[in-house]
Structure formats: structure tokens, C-alpha cells
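Here's a short walk through one structure, best read with the model open next to you. Keep an eye on where the aromatic side chains sit.

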Amino acid sequence: MNTYAQTPIGTALLRWPARAVQWLDARGKPAWIAVMVIGFIFVWPVGLAILAYMIWSKRMFGNCIKRGMAHMPMTRSSGNSAFDAYRDETLRRLQDEQASFESFLDRLRQAKDKAEFDQFMQDRAKAAQDERKLGGSGSDT
């Protein structure tokens with residue numbers, strides 16, 4: 001028994017547009033344009049509706065592949081559990097390394113800022129001390 005026989009007909013009819021959009025997004029802008037042209041050739045209102053949808057959803061001027069991938073889960077199952085475990089572990093390790101590197105860069109920036117501030121304070125104190133020495137020796141004469 002196939003899955004179509006198990007699903008109600010009404011829900012299957014409601015899901016085909018979403019599947020069609022995902023299928024076209026996976027193939028990129030040329031697939032959308034081809035479907036639009038075919039729609040204009042055979043039934044012009046369908047082509048016009050597809051064109052309006054492409055403009056409204058920004059598929060005409062944007063990159064539909066990136067947008068289509070943005071709402072898909074980051075870790076889809078490949079069907080191979082060993083590879084999925086390896087991929088998940090590698091992604092986790094890379095995220096940990098990125099976080100530790102960003103933390104290192106933050107500490108490095110803080111150390112640089114502190115060194116610059118300490119140097120500024122030393123220069124300021126030295127300038128104030130030199131001014132007192134010059135001011136003190138000038139009033140004695």
C-alpha cells in the first residue's frame with residue numbers, strides 16, 4: 001500500500017503547491033522562469049499568476065536558492081547514521097572552536113585596549129610631572 005492511499009485526498013491536494021514551490025526553489029530561478037513561460041504559452045492567466053507570485057515573493061529579483069535553504073533545517077538526515085553522527089560532531093566542534101576563537105579575539109582586544117589606556121595614563125602622568133618640575137623650577141628663579 002502506498003502513502004497516497006493512506007492520506008486523505010483533501011490534505012494531499014493542499015500540500016502539492018508547497019512541494020512544487022520547494023521543488024522549484026531547489027532548482028533556482030531558471031526553473032521558475034521556465035514554468036512561467038510555459039504558463040504563458042499554454043494558459044496565459046497561469047503565467048501571469050506565476051509572474052505576480054515571483055515578484056511578490058521576491059523570487060524574480062532575489063536568490064531563491066538561498067532563501068529556500070534558509071528555512072530548511074541545518075541538519076537534515078542523509079540516511080546514513082554514521083555520517084550524520086560525524087557531521088553533527090564536526091559541526092558542534094566547529095561551533096565550539098568558533099566561540100573560543102571569538103572569545104580569544106575579545107580578550108585580545110581588551111588587552112590591547114588596556115595596554116593603550118595604561119600607556120595613555122603613563123604619558124599623562126609623565127606630562128603632569130614634567131609640568132610640575134618645570135613650573136616648580138621656574139618659580140624659584
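## A tryptophan to start from

Trp32 lies in helix α3. This is a predicted model, and in it Trp32 is buried, with a relative accessible area of just 4%. The cut-off for buried is under 20%, so Trp32 counts as buried.

Look across from there to Leu51: the two residues are 19 apart along the chain, and their C-alpha atoms are separated by 8.9 Å.

## Rings around it

How many aromatic pairs does a search of the whole structure find? Three turn up. One of them joins Tyr53 and Trp56, with ring centres 6.0 Å apart and planes at 40 degrees, so this pair is tilted. Both residues belong to helix α4, which runs over residues 44-56. They're three residues apart there, so about one helical turn separates them.

Ring pairs also bring Trp32 in, linking it with Tyr53 and Trp56 into a cluster. Now for solvent: is Trp56 buried or exposed? Trp56 is exposed, at a relative accessible area of 66%. Tyr53 is partly exposed, with 29% relative accessibility, while Trp32 is the buried member at 4%.

## The nonpolar core

Trp32 turns up again in the largest nonpolar core, which has seven residues: Val21, Leu24, Ala31, Trp32, Met36, Ile50 and Met54. The elements giving two or more residues to this core are α2, α3 and α4. Which of them gives the most? That's α3, with three residues.

For context, 13% of the protein's 141 residues count as buried.

## The largest pocket

Next, the open space. The largest pocket holds about 170 Å³. Its lining is made of Trp16, Pro17, Ala20, Val21, Leu24, Trp32, Val35, Ala49, Ile50 and Tyr53. Helices α2 (9-27), α3 (29-42) and α4 are the elements that each give two or more residues to that lining, and α2 has the largest share, with five.

What is the chemical make-up of the lining? It's ten nonpolar residues, with no polar and no charged ones. Some names will look familiar: Val21, Leu24, Trp32 and Ile50 are among the lining residues and also among the members of the largest nonpolar core. Tyr53, from the ring cluster, lines the pocket too.

## Along the last listed helix

Away from that group, Thr90 lies in helix α6, which spans residues 81-140. Thr90 comes out at 18% relative accessibility, so it counts as buried; the limit is under 20%.

And what does the side chain of Thr90 reach? It reaches the backbone oxygen of Tyr86, at 2.8 Å.

## The overall fold

Stepping back, the secondary structure comes to six helices and zero strands. Read along the sequence, that gives the pattern α-α-α-α-α-α. Within it, α2, α3 and α4 are the helices to keep in view, as they give two or more residues to the largest nonpolar core and do likewise for the lining of the largest pocket. Trp32 ties these topics together: it's in the ring cluster, in the core and in the pocket lining.

Terms used
Residues numbered from 1 in each chain as written. Predicted model: local features only at pLDDT ≥ 70, side-chain atom pairs only at ≥ 80, totals over all residues. Heavy atoms only, no water. Phe/Tyr/Trp six-rings, centres within 6.5 Å; stacked < 30°, edge-to-face > 60°. Helix = DSSP H or I, 4+ residues; strand = E, 2+ residues; numbered from the N terminus. Buried < 20%, exposed > 50% of the residue type's maximum accessible area, 1.4 Å probe, protein only. Polar contact = N/O pair within 3.5 Å; in protein donor to acceptor, adjacent residues only side chain to side chain. 1 Å grid on protein atoms, 1.4 Å probe; cavity = no way out; pocket = protein on both sides within 12 Å on 5 of 7 lines; lining within 4 Å. Points joined across faces, edges and corners; volume = space filled by probe spheres on them. Nonpolar A, V, L, I, M, F, W, Y, C, P; charged D, E, K, R; others polar. Core = buried A, V, L, I, M, F, W, Y, C linked by side-chain atoms within 4.5 Å.
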